[in-house]
Amino acid sequence: GAHPIFIHPEFDETFGIAHGITPSAVERALALHPDTKAVLVINPTYFGVAGDLESIVKLSHSKGIPVLVDEAHGVHIAFHEDMPLSAMQAGADLAATSVHKLGGSLTGSSVLNVRRGLVSPDKVQAVLSMLTTTSTSYLLLASLDCARRHLAINGEAMNRRALELATRMRFGLAKLPYLAVFGESDLHSSATFAFDPTKVLVSVKGLGISGHLVEEFLREEHRIEVELSDLNNILVIITSGDSEETIDAFLHAMSLLVARYQNNGAETTDHSIVLPDIPALALSPRDAFYEETETIPLVDAVGRISAEFMMVYPPGIPIFIPGEMITADNLAYIKENIEAGLPVQGLEDHSLETIKVIQQSNAIR
Ligand SMILES: Cc1ncc(COP(=O)(O)O)c(C=O)c1O
């Protein structure tokens, strides 16, 4: 039943990606919506970029508002001083930290960090019991406990090793023309306050090709699997499970890529991205979900209220959610992503030809 107010993330024109939100944007939103119940922040982003979370927490706490952090991509950052501050280090009240993503526990296991104060651990426990199984998996719990122990004892050393390998990769990539790598010099605002260097974001825009094409090239010709690709970039994640050999294999493959496409001309494909504005919320997501719906062609959906989610996954940031008004810009952005071969998904109709929208007569009420 919550009524979400979305804060536009800062957009990076060079890489065509969204970063996090700034304390001043949170301040403006709280001034406009003084009845806010909680602030939810994604930190760090999938690309490893962290905002000034400590300031966001201080600001929200000064108004008695708790801060909830989606820390899906940050289980390891608490364990090395060259990494951004973790959610709990920054003073957050709740942090959902996906141990299974980068912490080595079995898929499906996760940790919800809770700070007693603005949030009641007993209430959290009650809600969790209501929403999740009463038959806890001891396999998952045991794997979480192993991962926790491993991180507590070896997390610093594992991060140190991954950071060393990341430096090797960054040096190697810097020697290749036409590629740009997101790094220290790209941090210039409080939305890009710190970053995790083990996430290596490489823009291939200078070669005039899409990140998706590079993902396929690396998979099919070099048996290398990237974490994700988008219109302009690939994202590579380095862990202590890597070695000099895996880094060098990647650098070799990238040098062959550059050799193949360097005469392509950067201007042959224009992948400049304009992120559409956040659509207006006409109904709360819950009301939209339970409303009477009708299925119409996606191309005719401009001006209608969506009853479904639609996103490019990864990274999974919704283009619109149930209750939002679909705009022509949304549809143009979706078309651009589909044409570039990127994974647009979320609709019940996997062919993406039709969408469920709120019935016109109900929407007008
Ligand atoms: C920002 C973000 N939050 C949450 C999730 C989901 O996390 P989990 O798989 O631990 O539920 C993901 C990716 O899967 C994500 O990218």
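In the predicted model, the protein chain exposes an accessible area of about 18700 Å², and carbon and sulfur atoms supply 55% of that surface. Buried residues, in turn, make up 45% of the 365 residues in the chain. With respect to charge, the protein chain carries 25 positive and 46 negative charges, and the mean positions of these two sets lie 6 Å apart.

The secondary structure of the protein chain comprises 10 helices and 17 strands. The radius of gyration is 22 Å, close to the 21 Å that the globule rule gives for 365 residues, so the chain is as compact as a globular protein of that length. Along its principal axes, the C-alpha trace spans about 60 × 50 × 40 Å. Among the contacts of the protein chain with a separation of 6 or more, 71% are accounted for by residues 24 or more positions apart.

At the level of individual residues, Asn233 was examined in its local setting. This residue is placed in strand E12, which covers residues 233-237, and Asn233 counts as buried because its relative accessibility is 0%, where the cut-off for burial is under 20%. A polar atom of the Asn233 side chain lies 2.8 Å from the backbone oxygen of Phe15. Phe15 also appears among the residues that Asn233 touches when those up to four places away in sequence are not counted; the others in this set are Ile17, Leu201, Val202, Ser203, Gly211 and Leu228.

Terms used:
Residues are numbered from 1 along each chain as its sequence is written. This is a predicted model: local features need pLDDT of at least 70, side-chain atom pairs count only at pLDDT 80 or more; totals for chains, interfaces and linings use all residues. Side-chain values use heavy atoms; hydrogens and water are left out. Helices (H or I, at least four residues) and strands (E, at least two) are DSSP runs, numbered from the N terminus. The radius of gyration is taken over C-alpha atoms; the globule rule is 2.2 Å times the number of residues to the power 0.38. Buried means under 20% relative accessible area, exposed over 50%, partly exposed in between (1.4 Å probe, protein chains only). Contact means heavy atoms within 4.5 Å. Accessible areas come from the Shrake-Rupley method with a 1.4 Å probe; for residues, only the protein chains shown count as cover. Lys and Arg count as positive and Asp and Glu as negative; His and the chain ends are not counted. The place of a charge is taken as NZ of Lys, CZ of Arg, CG of Asp or CD of Glu. A polar contact is a pair of N or O atoms within 3.5 Å; within protein, one must be able to donate a hydrogen and the other to accept it, and residues adjacent in sequence count only if both atoms are side-chain atoms.
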